[in-house]
Structure formats: C-alpha cells, structure tokens
Amino acid sequence: MTDTDGPRVMLVDDHPMWIDALSGDLEAHGFRIVATASTGDEALRRARATRPEVMVMDLQIPDPDGATCTEILLKEFPEMHVLVISASGERDDVLRAIKAGAKGYLVKSATPEELLEGVRRTADGDAVFTPGLAGLVLGEFRRMVSDAAKHNDSGPILTTRETEVLRRVAKGMAYREIADELYVSHRTVQNHVQNVLRKLQLHNRVELTLYAIEQGYSGDAQG
Amino acid sequence: MPPRVTCTTGRESPASQLLLWPLLRVLSWLRISLCLHALAVNAVRWKEVAHPGLLVGAMIWMVTWTALAAVSYSRPAPRRRSFLVADIVVALVLMGLSSPILGAGLFTRDYLALPVYWAICAPLAVATAEGAFRGAIAGALVGGILEVVTPGFAPILWSWVVVYALLGAGIGVLGNLLLGSMEERDRAFAQTASVGERERLNRIVHDGVLQVLALMEREGPGLGPRGVTLASLAREQESRLRVMLQDRDVVLPKNDEVDITAMLDRHESSTITVSAMAERVIVSSHQALEIDAVVTEILTNVSKHAGPEARAWVLLEHEGRELIISVRDNGRGAHPDDLTKAGERGHVGVRDSVLGRIRDLGGQARVRAAPGRGVDWELRIPVE
C-alpha cells in the first residue's frame, strides 16, 4: 500500500482477479486501498474496522448481497460514499442500493477510464449517473407519484427541469450537451442530477421511518 | 430468440388425453351398471312387451355395444371420434325403437325407454372427449328422439331433452375445469423449473465467464492492437450474455401478455444501452411485438446510416396510460427531409414505416434530426 493521502477506498468483489485489476489501477492514480472483501460478511466486518471513505461494491457477492451490505453500512456510516458495480445489471438490486444511499452505478464492462472517473467522482461526493441509472430513477419517481395518487397524497415530485435533465441523461447525452440544449451551465445540470438522487434517498428514509412508526403503533395496539 | 418453455394445451394434446382417459373408463363402469339396470327393468315388464323377440335382440345389441364401448374407451384410440358418432347413433336407435318394440300402451304408461337410462352414457362420453357444447348437443339429440317418435307433449318426454342436455353440458364443463387446472399447474411447474434453471446458470456464468470477459475488456487495450481487437470481441460477447441473463421472458404471467422491458433489453449490446424502470411493464403480446419491431427498425437504421462510431440509447418510460419510448443515437444524423424522401423515391422510408406502425397502435411518433447531431425518436403509445 502506498503512503499517499488520496481517498481511502475499500473494494468488495467475490473475484480476486477483479480486485487485483481494479486496485492496481486505483493505486496507480493515487487512491489508497485500505481493505478488500469477497463476501458480504467480510465486507461488513472490514468496513467497520477500516472506515473507508469510498466503497466500491459489487452487487453479486455471497450473503448478504451487495445491496443489503450497502443498506447496512450507509445506515451505520452515512458519510461513506458507495459506488455500486455489477456485472449483470439486475435493476431491482441496483435501485435498492441507490435508494439506500449509493452515489452511483457502473457496469463492469465500463472502460478502465470510466471506472476510474466513477470512483473519483464518488470520492468527491458527486453522483455517478449512467443512462441506465437515470432511466431507473425516472421510472421510480413515476411509480412513487402514481402510488401517492392512489393514496390521495402528494409523493415526491420531480420538477419539470429535473425531469428534462434526467431524460436527457437516460438518452445518453453528456452533461455538456444537456447544458447547451437547455441553455444552462454545466454545473446546473450536475446540481439537478445530484438533487434528484438526494430527493430519492430522502424519500426512502421518510418511508422507512413512517413504516417503523406504523409498525410501532400496531405493536402497541396489540400489546 | 431463446427457446421458451411451452405447454401443450387443448383437448387434442397427449397430456389432455391422458387426463380424460380415466374419466372415460369411469363412464364405462357407469354404462355397464346402467346396462344391468335396463336388463332388470325390461325383465320385470317382459310379459307386457309388444314384441318380446325384438326386445331380446335389442338387449343383446345393447350388451354387445356396452362391451365394445368398454374396450374402445379403455385405450386412447386414434379414431375415437368416429366411435363417438357411432355411440350416439346406437343410443338414438335404441331410444327411437322404444315405442315400436315395447308397444305404445306400455311405453306411454311410464315413458321408461327401451334402454332406460343407459342411453345417457353416449352424450356423457361426447361431453368428456369433446367439451360442454358438443356434450349438450348430443344430450339434446338422444333425449329429443323420444319426442320425435312419440307424438304428444307429455311433460316427462321433453324433460328427457332438458335433463340429458344439461348432463352433457355439466360433464363437459367439469372436463374443461379439470383440463384448465391441469394446464395451470403445468405452466406453474414449467415456470418454476425454468426460473430455477435460469438462476443456476446465472450464478455459474456470473462467477466465471462474465468476469473473465469483463477482465479481457479491461486489460486487452494495454496489450497492443491485437489486444484491442480481443477486448472489443469480449465486450460484444459480454453484453450479449448479460442480455440473456436478464431475459425475464420465462416469468410470463399469461400467454398473451409480455413484459416489454424484457423484450427491449434484448437490444442491449456494446453500442446500444437500454434504460428502463425496475418494474415490469406488461402489455399485450401484439403491442409488444409491434413496438419491438419499430425499435428494431430504428436501430437497424442506426447501424446502417449513423456511422461505425455511433452509439444508441433506448429509454422506456411508463407515464400514466402511455408508454414513451425514446431511441437516440449520436451518429451522423440526417436532414429531417431525408427521412421522408426515401418514401418518395419508391422505398418505404423508415419514417413512414415507423409512423404507420405507431399510428396502428393509436400512438404518436416524433423525430428530431440534424446533420452531425444524431437522430432522436420519441414514440408515445397508449396502453391499458
């Protein structure tokens, strides 16, 4: 391990060759690999011990799976930045990890440059929004809105501008192109994307709390 | 397209025959019992019968036919339908001869036919093998023949028609229900099996092949020009494999409905990204096939005209009662008019064929294109 003061990264993947390849690349670019893990149990134990700033999490690992680990770890360490990486993009799992607070999602077939850039952005606390993730989040907001309409309350709503930005990301446009088309700055586009993710995660926390309260009430009623 | 697990359905299928077979054997026992009952009834009224000789002949024929039917229905015969027709004809003849052989006086006293209740077995066999409707028709025929050969409207006479028709229909419906539940069960079995197998393959492939392919993609470019080629081959195979693993086709809720997300996911490749929501979007298979055909057409156009470096993105959204499908590429682009001009020159332009298909689905299509800035399609299709 090198003695740089770059971001402290932990890699979770059940494939040693992946960990080797990725840690080599990251260390060459100034990141510090503080721990690696190949199962969910290991990931939880070692993350608690080493407290990395950035967690690169493979979704398909032996029990508990990557999405569950993300949920558990972000509850314990809300300041941790998680980047989800997966070989086969199971949309449900990706969405679960993102709702729990992961910063972004990349497929393993992304180029080494894309992966490196993704980890770098995650370390900075930025969202790593791929087109696939944008489509997923867009769909999730639509679902929440229609769910809320069924219960006659107002769910989390995207602003028109946020929807416009998200749709363009999902259609593969770069932030620069989106900024040009909408006559806004590059930074504004980035802010919108960031906001959307925050809204989704915030709503998820509110829902979990409400659920907990409901469960508590019904427990009281029975007792 | 990967092979799908299918179940053979319908009364003609071997599985259905296997299920109906025991029912027909039960009917044979009913037939034998009712044959003995008819013999007993006719023995009791023997002295009053107008033509005892003919009655003996009819009874011998009834016993013989009962034996023939027992043999015929005890195995899945290839020409069963002709035997069913013969069965009905025999029942009709024996019923029709009731009044002539017994004598009008004896018959009209209690309207117990020559074969008594034995004749119901033929319509029941038809109902079992051919369904409720034909069973009801056969029942009405066998019951109605008494009405035809015996003048008068005694309530008991037309009651035969009603009872026989209802029995035929009832047994037919019962058969349908049995077959239906069997098909449902088979479908559930097939589904569970294929989902389980898919998951098993998923694990194996994920643990090995996918990882190696992804690594080849990563490390290849560092090995020089041949490594670059290897990496691009690995990338191509990896995205194909990923699509296969994601294919959720095996979890079909019903035969005529499909998940459009799973269908569009198949287009995913190293140059095409498909984005959608996490939930499944169920549409009729007709709609799904048409939408998929349109998307395929647009993507084919991209690969033909957008240039070798072009990438494409497919986005599926479900808003209220509308599906919004966007297909965008970052290729050479086109002048908006060029997309229609192909039609004027005698070819069916992509625009026309896309618009035509979308119009048939009751939807709208919009295309934006500019030279050097790719082509951007937006299709809006109403769904339930």
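Which residues does Pro52(A) touch, not counting residues up to four places away in sequence? In this predicted model, the list runs to Arg8(A), Val9(A), Met10(A), Val34(A), Ala35(A) and Ala47(A). Pro52(A) itself sits in the loop between helix H2 (40-50) and strand E3 (54-58) of chain A. Despite that loop position, Pro52(A) counts as buried, because it has 23 C-beta neighbours inside 10 Å and the cut-off for a buried residue is 20 or more. One of its contacts, Met10(A), is 42 residues away in sequence, yet the two C-alpha atoms are 5.9 Å apart in space.

Met10(A) leads on to the sheet of chain A. Here, five strands form an open sheet in the order E2-E1-E3-E4-E5, with parallel pairing. E2 and strand E5 (104-107) are the edge strands, each pairing on one side only. On average, and with direction ignored, neighbouring strands of this sheet are turned by 20° against each other.

Strand E1 (residues 8-12) of chain A has a partner on either side in that order. With strand E2 (residues 32-37) of chain A, E1(A) pairs in the parallel sense over five bridges, and Arg8(A) has Arg32(A) as its bridge partner in E2(A). With E3(A), E1(A) also runs parallel, this time joined by four bridges; Met10(A) stands opposite Met55(A) there. Helix H1 (residues 16-28) of chain A completes a right-handed β-α-β unit with E1(A) and E2(A). H1(A) lies across E1, E2 and E3 of chain A, and runs at about 165° to E2(A).

Next come the nonpolar cores. In soluble globular proteins, nonpolar side chains tend to be buried together. The largest nonpolar core holds 93 residues, and the members that touch the most others are Val56(A), Met57(A), Leu83(A), Val84(A) and Val314(B). Leaving aside residues up to four places away in sequence, Met57(A) touches Val12(A), Gly66(A), Cys69(A), Thr70(A), Val82(A), Leu83(A), Val84(A) and Ile85(A). There is also a second, separate core of 42 residues, with Val90(B), Leu141(B), Ile145(B) and Leu146(B) among them.

Two other helices of chain A can be described by their buried residues. Helix H4 (residues 91-100) is largely enclosed by the rest of the structure, since nine of its ten residues are buried. Those buried residues include charged ones such as Arg91(A), Asp93(A), Arg96(A) and Lys99(A). After H4(A) comes Gly101(A), with a positive phi near 125°. In helix H7 (residues 160-170), the buried residues are Val165(A), Leu166(A), Arg167(A), Arg168(A), Val169(A) and Ala170(A). H7(A), too, is followed by a glycine with positive phi, Gly172(A), at near 85°.

Thr159(A) lies in the loop between helix H6 (131-150) and H7 of chain A. With 12 other C-beta atoms within 10 Å, Thr159(A) is exposed. His192(A) is 33 residues from Thr159(A) in sequence and 9.5 Å from it in space, C-alpha to C-alpha.

Finally, the two chains meet: 29 residues of chain B are in contact with 28 residues of chain A. On the chain B side, the elements giving two or more residues are helix H8 (155-219), helix H9 (225-246), strand E2 (272-275), strand E4 (312-319) and strand E5 (322-329). H8(B) gives the most, with eight residues. By class, this side of chain B has nine nonpolar, nine polar and eleven charged residues.

Technical notes:
Residues numbered from 1 in each chain as written. Chains lettered and ligands numbered in written order. Predicted model: local features only at pLDDT ≥ 70, side-chain atom pairs only at ≥ 80, totals over all residues. Contact = placed C-beta atoms within 7 Å. Core = buried A, V, L, I, M, F, W, Y, C linked by C-beta atoms within 7 Å. Pairing = 2+ DSSP bridges. Right-handed = clockwise from strand over helix to strand, strands pointing away. Axes fitted to C-alpha atoms, helices over the stretch in contact; angles between N-to-C directions.
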